Amino acid sequence: MKTTANPVTASAVPPAPDVVLRPLRAEDLEAVVALDRRSVGPSRRGYFEKRLQAALRQPKRHLQFALTTPKGLVGFLQARIAGGEYGRPKESVILEAVGVDPAARHAGLGQRMMAGLEELMRSRGIEHLLTQVDWRNHAMLKFLDAARFELAPRHLLERKVDRIPLPSDDAEIEKWPPVVRHLQAGDFDAIVRIDSRVTGKARSEYFKRKFDEVLNESAIAVSLVAESDGFPVAFAMARVDSGDFGHVEPVAALDTIGVDPGFARKGYARAVLEQMVENLAALHVERLETEISNDAVELQKFLVRFGFGPSQRLSFQRVL
């Protein structure tokens, strides 16, 4: 039987009678959806279905656990390995979803699943654990505090997906409007080349993972490329999900944006973002979110010009 994560040893968690920590399985989907509905309200079936499918395709990249008793599933945890998104330099684990049956709360089950996740992270040499939460979600904030998370040195920004008159400076624009189209698998080499010119690093492994995520795991294809004379010169990679970090409505996450230095300040980034907002509005996605480090001052100025502002969500981290 296929599973979605490596087996977890009993030594990873405190002993508890009749409670078993094991990898989450495809056949757990109905129980996860039902438990989540008891906690959150609206069904997030589509989100959990896609996450389980992704874990079966890429088991080394997804860390997913179930807590069970003889009566059935009482808890679940879903996380994935990332690194490079939002300019993060190190490989990290992103905690995306965790749930405990309301009837079994305050028994340490959430922390038991966290202990299993930490052991698996250590076995893979990953030290950074990251997540996000709405500041009004007091129960989750309490859970993160007990799990020894701290505020991360990063800003979460968002903007409503509606048309906002954007600043226009014709002196900056070489050709307007440029061709903007959906990202395709064949764009891989061009995107890696643009990114290496911007960052000074060859991040092929990161973009292999991102291409797989945005082309195969995102609920809707929204990543874009801008062209000049038929060649990609700018790109923006984003995902649409309705479930991670407690979301119950479709939200787009802008992971990576880049412009070839030879085409900077000529309107290409603006064109990509404008088209992304147009596409998301047509798909009835309400918000576009992103995350930047505290010292990314120029990037923050750029995003604010395009309607981004402070999010109601906070970024947390834990270093093992």
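Which handedness does the crossing of helix 5 and helix 6 have? The legends below start there and then move through the rest of this predicted model.

**View 1. Helix 5 crosses helix 6 in a right-handed sense.** Here we look at helix 5, residues 188-199, and helix 6, residues 204-217, whose axes come within 10 Å and cross at roughly 130 degrees. That angle makes helix 5 oblique to helix 6. On the helix 5 side, the contact is made by Phe-188, Ile-191, Val-192 and Asp-195. Helix 6 answers with Ser-204, Phe-207, Lys-208 and Phe-211. Sort the residues of this contact by type and you get five nonpolar, one polar and two charged.

**View 2. Helix 2 also meets helix 6, again at an oblique angle.** The axes of helix 2 and helix 6 come within 12 Å and cross at roughly 135 degrees. This crossing is right-handed. Lys-50, Arg-51, Ala-54 and Arg-57 are the helix 2 residues in the contact, and they meet Asp-212, Asn-216 and Glu-217 of helix 6. The make-up of this contact of helix 2 with helix 6 is one nonpolar, one polar and five charged residues.

**View 3. A salt bridge joins Arg-57 to Asp-212.** Zoom in on the pair and you'll find the closest N and O atoms 3.1 Å apart. Arg-57 sits in helix 2 (residues 45-57) and Asp-212 in helix 6, so to speak a link between distant parts of the chain, with their positions 155 residues apart. The salt bridge count for the model comes to 26.

**View 4. Helix 1 packs against helix 2 with a right-handed crossing.** The two axes come within 10 Å, and the crossing angle is roughly 140 degrees. From helix 1, the residues to look for are Leu-29, Glu-30, Val-32, Val-33 and Asp-36. Their counterparts in helix 2 are Arg-45, Phe-48, Glu-49 and Leu-52. Between helix 1 and helix 2, the contact residues divide into five nonpolar and four charged, with no polar ones.

**View 5. Helix 1 and helix 2 lie across strands of an open sheet.** This sheet has seven strands in the order 1-2-3-4-5-14-6, and the pairing is mixed. At its edges are strand 1 (20-23) and strand 6 (150-151), each pairing on one side only. Helix 1, residues 29-40, lies across strand 3 (72-82) and strand 4 (92-100), and runs at about 95 degrees to strand 3. Helix 2 lies across strand 2 (62-69) as well as strand 3 and strand 4, running at about 65 degrees to strand 3.

**View 6. Strand 6 pairs with strand 14 in the antiparallel sense.** Strand 14 covers residues 313-319, and two bridges hold the pairing with strand 6. To get your bearings, find Leu-151, which stands opposite Phe-316 in strand 14.

**View 7. Another open sheet runs in the order 8-9-10-11-12-7-13.** Seven strands make up this sheet, with mixed pairing. Strand 8 (179-182) and strand 13 (309-310) each have a single partner strand, so one side of each is left without a neighbour in the sheet. Helix 8, residues 297-305, packs on this sheet and touches strand 7 (154-160), strand 11 and strand 12 (287-293). The direction of helix 8 makes about 165 degrees with that of strand 12.

**View 8. Strand 10 and strand 11 are antiparallel neighbours joined over eight bridges.** Strand 10 spans residues 231-241, while strand 11 spans residues 251-259. A handy pair to pick out is Ala-236 and its bridge partner in strand 11, Ile-257. As a reminder of what holds such a view together, strands of a sheet pair through backbone hydrogen bonds, either parallel or antiparallel.

Conventions. Residues are numbered from 1 along each chain as its sequence is written. This is a predicted model: local features need pLDDT of at least 70, side-chain atom pairs count only at pLDDT 80 or more; totals for chains, interfaces and linings use all residues. Side-chain values use heavy atoms; hydrogens and water are left out. Axes are lines fitted to C-alpha atoms, for helices over the stretch in contact, and angles run from 0 to 180 degrees between N-to-C directions. Helices (H or I, at least four residues) and strands (E, at least two) are DSSP runs, numbered from the N terminus. Angles under 35 degrees count as roughly parallel, over 145 as roughly antiparallel, 65 to 115 as roughly perpendicular and the rest as oblique. A crossing is left-handed if the near helix is turned anticlockwise from the far one by less than a right angle, and right-handed if clockwise. Contact means heavy atoms within 4.5 Å. Ala, Val, Leu, Ile, Met, Phe, Trp, Tyr, Cys and Pro count as nonpolar, Asp, Glu, Lys and Arg as charged, and the others, Gly among them, as polar. Two strands pair if DSSP finds at least two bridges between them. A salt bridge is a side-chain nitrogen of Lys or Arg within 4 Å of a carboxyl oxygen of Asp or Glu.
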